[in-house]
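Hi everyone, thanks for coming along. Let me put the structure up on the screen, and then we can walk around it together.

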Amino acid sequence: MCGIVGYVGGQDALEVVLGGLRRLEYRGYDSAGVAVLSADGVLTVERKAGKLANLEKQIAGLPLPGTLGIGHTRWATHGPPTDHNAHPHLDCSGAVAVVHNGTIENFEVLVAGLELRGHERRSDTDTEVVAHLVEERYAGDLAATVRSICRDLEGSFVLVVAHRDEPDLVVAARRNLPLVIGLGEGENFVGSDVTAFIAHTREARAVEQDQVVEVRRSGVTVTDLAGTVVEGESYHVDWDTAAAEKGGHEFFMLKEIEEQPAAIRETLGGRLQEDGLLHLDELSMSDQDIRDIEQVVIIACGSSYHSGLVGKYALERWARLPVQVEMASEFRYRDPVIGRSTLVIAVSQSGETADTLEAVRHARSLRAKVLAVTNTIGSTISRESDAALYTRGGPEVAVASTKAVMTQMIAMYLVGLYLAQVRGTRDPDEVRAHLADLREVPDLVQEVLDRMGSVRTLAQSLATEDRVLFLGRHVGYPMALEGALKLKELAYISAEGFPAGEIKHGPIALIEQGTPVIVIAPRHALQAKLINNVQEVRARGARTIVIATDGDESVTPYADTVIRIPDTKSLLTPLLTIVPLQVLSAAVAMARGLDVDQPRNLAKSVTVE
Ligand code: F6R
């Protein structure tokens, strides 16, 4: 949460920083701000509450010359989203500008000391203390000053600091939250993720825990908090600016939904061997390690949790292992019964979600082996896990996750099949057959996408509803949860997903005349039971919207509206049923005139507890 960017080079810093902020805005949009330092030492700060567009309007036409800049998009924690709480924050003299992502937990103690020593506080934020501390401690070496301050800070932070007297230096520091360096020619960058600088360079380096980065035009130096230089590897980002732009779509989410067939191909690519079996060296587990697994625990949050639930069905069916799926925010505070023979799979698009990260640390402290399933190379979760399986979905900018969830599900199927292959719980021909089915999924998803006109029409009729229920059974149940989450986060409609068999135990009381109930009912062994449930809600007045397989007429008598998907194996149906749910939620939000990419109160990459 919060996006930060820093730049030193030969270009107009304001343009570079604003470009970075545009791509980072998905991380928070409560306010935005920039600081630009000119060659003759004039430090100018502009900031504004609300979306980046407000800041851009405020600074339009203002002269803000300089080739060094820092910027911030905020997701408010300490203090409401006002102009005066927007970053960058300054010290008393206006010589120091600081942007910050995270929470400084001991800031009240630090503020008390600063006030006693005569500093004047101008915001409600925890961040401002850093600017005043730099003011107090700076003696000509900004990096040393930041290192000394970091030693006194508690909590999570990424800080980016500029000082009027250092026109060729941006200093950044990280603890617990993401920070990436962008390595250019005669210019260098730092950002919350590579999208901050992808328009300028595709060479990146991850910053590790408690490291401080000195970014100069000529190069970058990374040290630990004691000041010892730390060498590190750079990596090449294999996607470009086009992947991080809307490409003619009104919203990123619409583009990301459309990108799913290609994203699935990327996830599968290179992982299927010539003999039709799977090759997953990335798990870094010997065959014996895999045979020794006694249980699997999947930890994740939000939509990633729903991918984890789908994974449970696949792993149990194919690898014959007991699987639990846990919300990371609960798991991290429990006493789970896990150990060396437990494989923990942490599913996270961003690889930075605070609850999932802490759950990973918890699991590792209990000696479990942790596999990260993530979209983000070099993310904290991938680095802190024993192994990482990258989902290769490409950048996902819209706050609501779509192609990332899709590729997570594909990754979970791959893990399930690989464990089955190695443990011998499915014979090789069966594994080959399932992999062949997976290879067909991109085309099937494309087919679903090509049919979405009627779903957009349906969305118009749901836009005025204030409550929608989603029902599913077996692998349809996680999709009911996902459909409900998407609708509530995007369209602000109260939506709940239930296992269809559960509704008679309480939720059916919610049904009134005309209550929309969306039923995920592809062809499946449990379908007859599901149809009973559809009849139950219909008999009580529900308006039923049913997602059904082509040619399946068993549901039609009980459906007010039918959304068709092509046939596939029942275990794989979430890969198809999820698509109309995504399209529907985006279309309902658009019909309600809402910002699909940046729903209220949310941010992508939830790095606070
Ligand atoms: C919903 C959504 C969130 C995320 C959740 C976990 O559309 O995007 O629920 O799935 O915040 O995020 P990651 O996967 O980055 O750990």
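**Around the ligand**

Let's start with Ser348: an N or O atom in the Ser348 side chain is 2.6 Å from an oxygen atom of the ligand, which fits a polar contact, a pair of N or O atoms within 3.5 Å. Before going on, please keep in mind that this is a predicted model, where local features need pLDDT of at least 70 and side-chain atom pairs count only at pLDDT 80 or more, while totals for chains, interfaces and linings use all residues. Residues are numbered from 1 along each chain as its sequence is written, and side-chain values use heavy atoms, with hydrogens and water left out.

Gln349 joins in through its backbone, with an N or O atom 2.6 Å from a ligand oxygen atom. At Ser401, a polar backbone atom is 3.0 Å from an oxygen atom of the ligand. Of the 400 Å² that the ligand exposes when taken alone, the protein buries 88%; these areas come from the Shrake-Rupley method with a 1.4 Å probe.

So who else is there? The ligand is surrounded by 15 residues, and Ser304, Ser348, Gln349, Thr353 and Glu489 are the closest; being near here means having a heavy atom within 4 Å. Sorted by class, this shell has five nonpolar, eight polar and two charged residues, with Gly counted as polar and Asp, Glu, Lys and Arg as charged.

Where do they come from? Helices α9 (302-319) and α16 (476-491) each supply at least two shell residues, helices being DSSP runs (H or I) of at least four residues. The ligand lies between domain 2 (252-449) and domain 3 (453-591), because both give residues to the shell.

Conventions: Polar contact = N/O pair within 3.5 Å; in protein donor to acceptor, adjacent residues only side chain to side chain. Domains from an automatic or database assignment.
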